[in-house]
Amino acid sequence: MCLAMPARVVELRDDDQAVVELDGVRKEISLALIDAPGVGDYVIVHVGYALSKLDPDEAAKTLALFAEMQALGASA
Amino acid sequence: MISFAPEGVIQVQLVLERGRIAAVRLRPRPLPPLKALLKGRQADQAARMLPRLFSLCRIAQTCAALNAIEQALGVAPPPAQSAARLVLTLAETIQEHATRLTLDGPLAFGQAPDVETAKAVRRHIAALVPLICKNDDWVRPGGGRLSPRPNDLADWLEELRRLILSGLMAGRDVSALLEVKDLRDWAQGQGSAPARLLQALLKPGLAGFGASATGLMGHLDSGQVMARLAASDWESYAQAPQTAAGLCLETGPLARQNDHRLIRTLEAESGHGLAARILARLLELAQTLTGIALALPLLMEGEGVDLPVAGGVGLGAAEAARGRLFHWVRLDAGRIEEYRLLAPTEWNFHPEGAFVQGLKGAEAADAETASALARRQGLALDPCVGLEIEVSHA
């Protein structure tokens with residue numbers, strides 16, 4: 001199942017590189033595939049590239065869903 | 001304690017013995033607790049929620065969910081709705097294949113990725129939904145309000161064709177080539193990322209790497225899938241599916257493109273290995289364009305059908321980029337009672353399936369080589385999650 005959690009862009013670097021944060025873990029990735037990225041954007045990351053950007057509302061709903069599922073999984 | 005990792009990884013253990021991968025052990029992924037998440041929700045709400053979890057195959061997941069819910073309710077969507085779903089699913093397949101061929105593939109073989117083409121194709125595919133309907137209105141059991149723009153859709157398709165022909169196929173429709181020799185010539189021109197990738201892969205040893213005798217998924221008895229997903233031990237099936245006869249199958253682009261002459265010839269030369277699996281994605285780009293062209297005229301302005309507040313059981317299928325996907329649902333008075341999913345990754349990454357069989361016996365002098373081989377085999381079979389590889393010595 002192609003579960004993919006959105007990661008938050010926390011720092012922009014040179015050459016389309018950026019640092020994203022997911023579940024408290026930071027990682028450097030490329031934003032070369034994304035139009036007009038900014039700090040605070042939520043992106044879906046795959047093989048070190050952000051593939052797509054989510055609008056803030058969609059990102060919030062998605063993260064809430066993952067949090068709910070994680071809580072359910074933990075209690076299952 | 002968190003018993004379920006939302007991103008999910010497949011744990012692979014490789015055992016090295018006398019310079020070979022002597023054993024490959026896979027631990028099936030835990031299944032996401034979909035029932036707990038969806039139980040009691042209205043079916044249409046569930047169909048909108050679920051795809052959020054699956055950003056890499058969102059459209060295929062949505063279609064499988066809609067199909068399952070419609071079957072459970074005993075309704076059939078109008079043909080235009082089915083056509084819209086097909087067009088969107090095929091476009092998602094192009095998006096995924098193009099990304100594998102321009103990013104993942106080159107990166108796995110130390111080549112430069114073609115970020116520009118990947119970006120151009122992804123941006124173009126993202127522009128499709130607004131040409132068919134407003135605000136994702138198509139995501140509704142029974143069908144939603146469609147307002148297709150035929151002229152814009154025709155232009156969109158032509159531009160997609162141009163992007164694929166120039167960005168991925170280096171000006172030549174690879175699916176029209178007849179001989180592997182022609183394919184080699186095309187690859188040697190190195191005119192695109194997939195050409196460079198195939199040039200590297202069409203070499204003795206590498207071309208056939210990862211081949212096995214695992215059967216390819218063609219017709220699959222949906223009655224059997226339905227029965228297994230409905231059974232009380234459905235989880236063991238969804239984690240490690242096999243046919244009624246106890247066979248593992250490979251699903252995905254190779255299984256779908258197996259009839260193409262180039263794949264057949266490559267198979268005769270080197271089996272269903274790396275080259276055949278990567279080539280299948282490239283060939284499928286052309287076939288998928290044709291599929292979209294055939295389905296576009298069926299898109300019509302209109303609404304879906306009304307839904308009864310009913311109960312029942314339904315199985316929905318979709319052909320995702322990675323392979324066949326099934327959703328199974330039980331509804332009670334229009335609400336989700338039970339929800340189960342069978343993903344393509346579980347067929348290909350079955351503990352005795354194509355991934356494992358193709359790696360077993362491969363020459364690997366050390367742990368690093370063995371891990372790299374497992375990653376290549378992973379790329380060829382394209383799991384939707386990462387692999388966590390551990391190597392030990394016998």
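Visitor: Where does B:Asp382 lie?

Guide: B:Asp382 sits in the loop between helix H17 (367-381) and strand S8 (386-393) of chain B. Bear in mind that this is a predicted model.

Visitor: Buried or exposed, that B:Asp382?

Guide: Buried. B:Asp382 has 21 other C-beta atoms within 10 Å, and the cut-off for buried is 20 or more.

Visitor: What about the phi of B:Asp382?

Guide: Positive, near 50°, and the residue is not a glycine. Most residues other than glycine have a negative phi. B:Asp382 comes right after H17(B).

Visitor: OK, H17(B) then. How many residues does the helix have, and what does it reach from first C-alpha to last?

Guide: H17(B) has 15 residues and reaches 21 Å. At 1.5 Å a residue, 21 Å is also what is expected.

Visitor: Which residues of H17(B) are buried?

Guide: Near the start of the list come B:Ala370, B:Leu373 and B:Ala374. B:Arg376 and B:Gln377 are buried too. Then B:Gly378, B:Leu379, B:Ala380 and B:Leu381 are buried as well.

Visitor: Back to phi. What is the phi of B:Asn135?

Guide: About 45°, so a positive value, although B:Asn135 is not a glycine.

Visitor: And where is B:Asn135 found?

Guide: In a loop of chain B, between helix H6 (129-132) and helix H7 (150-168).

Visitor: Is B:Asn135 buried or exposed?

Guide: Exposed, because B:Asn135 has 10 C-beta neighbours inside 10 Å. The exposed class takes 12 or fewer.

Visitor: You mentioned H7. How do H5(B) and H7(B) cross?

Guide: Helix H5 (residues 115-126) of chain B and H7(B) cross at roughly 165°. Their axes come within 10 Å. That angle makes H5(B) roughly antiparallel to H7(B).

Visitor: Left-handed or right-handed crossing?

Guide: The crossing of H5(B) and H7(B) is left-handed.

Visitor: Which residues meet there?

Guide: From H5(B), B:Thr117, B:Ala120, B:Val121 and B:His124. From H7(B), B:Glu159, B:Leu160, B:Leu163, B:Gly167 and B:Leu168.

Visitor: Change of topic: sheets. In what order do S5, S6 and S7 of chain B run?

Guide: The order is S5-S6-S7, in an open, three-stranded sheet with antiparallel pairing. Strand S5 (312-320) and strand S7 (335-342) of chain B are the edge strands, each pairing on one side only. From one strand to the next, the twist averages 20°.

Visitor: How many bridges join S6(B) to S7(B)?

Guide: Seven, between S7(B) and strand S6 (residues 323-332) of chain B. At one spot, B:Trp328 stands opposite B:Arg340 in S7(B).

Visitor: Which strands does H3(B) touch on that sheet?

Guide: H3(B) packs on the sheet and touches S5 and S6 of chain B. The direction of H3(B) makes about 155° with that of S5(B). Helix H10 (residues 222-230) of chain B packs on the sheet as well, touching S5, S6 and S7 of chain B. For H10(B), the angle with S5(B) is about 120°.

Visitor: How many residues of H3(B) are buried?

Guide: 16 of its 16 residues are buried.

Visitor: And what should H3(B) span?

Guide: Helix H3 (residues 58-73) of chain B should span 22 Å at 1.5 Å a residue. The end C-alpha atoms of H3(B) are 23 Å apart, which agrees.

Visitor: What follows H3(B)?

Guide: B:Gly74, with a positive phi near 70°.

Visitor: Now chain A. How many residues of S4(A) are buried?

Guide: Four of the five residues in strand S4 (residues 42-46) of chain A are buried.

Visitor: What does S4(A) pair with?

Guide: Strand S1 (residues 6-12) of chain A pairs with S4(A) in the antiparallel sense, over three bridges. A:Arg8 has A:Tyr42 as its bridge partner in S4(A). Five bridges also join S4(A) to strand S5 (residues 49-54) of chain A, again antiparallel. In that pair, A:His46 stands opposite A:Tyr49 in S5(A).

Visitor: Which residue takes a positive phi in the hairpin of S4(A) and S5(A)?

Guide: A:Val47, near 40°. The hairpin has two residues between the strands.

Visitor: Last one. Where does A:Glu68 lie?

Guide: In helix H1 (residues 56-75) of chain A. A:Glu68 counts as partly exposed, with 14 C-beta neighbours inside 10 Å. A:Glu58 is ten residues from A:Glu68 in sequence and 15 Å away in space, C-alpha to C-alpha.

Notes
Residues numbered from 1 in each chain as written. Chains lettered and ligands numbered in written order. Predicted model: local features only at pLDDT ≥ 70, side-chain atom pairs only at ≥ 80, totals over all residues. Expected span 1.5 Å × (residues − 1). Pairing = 2+ DSSP bridges. Axes fitted to C-alpha atoms, helices over the stretch in contact; angles between N-to-C directions. Contact = placed C-beta atoms within 7 Å. Parallel < 35°, antiparallel > 145°, perpendicular 65-115°, else oblique. Left-handed = near helix turned anticlockwise from the far one by under 90°.
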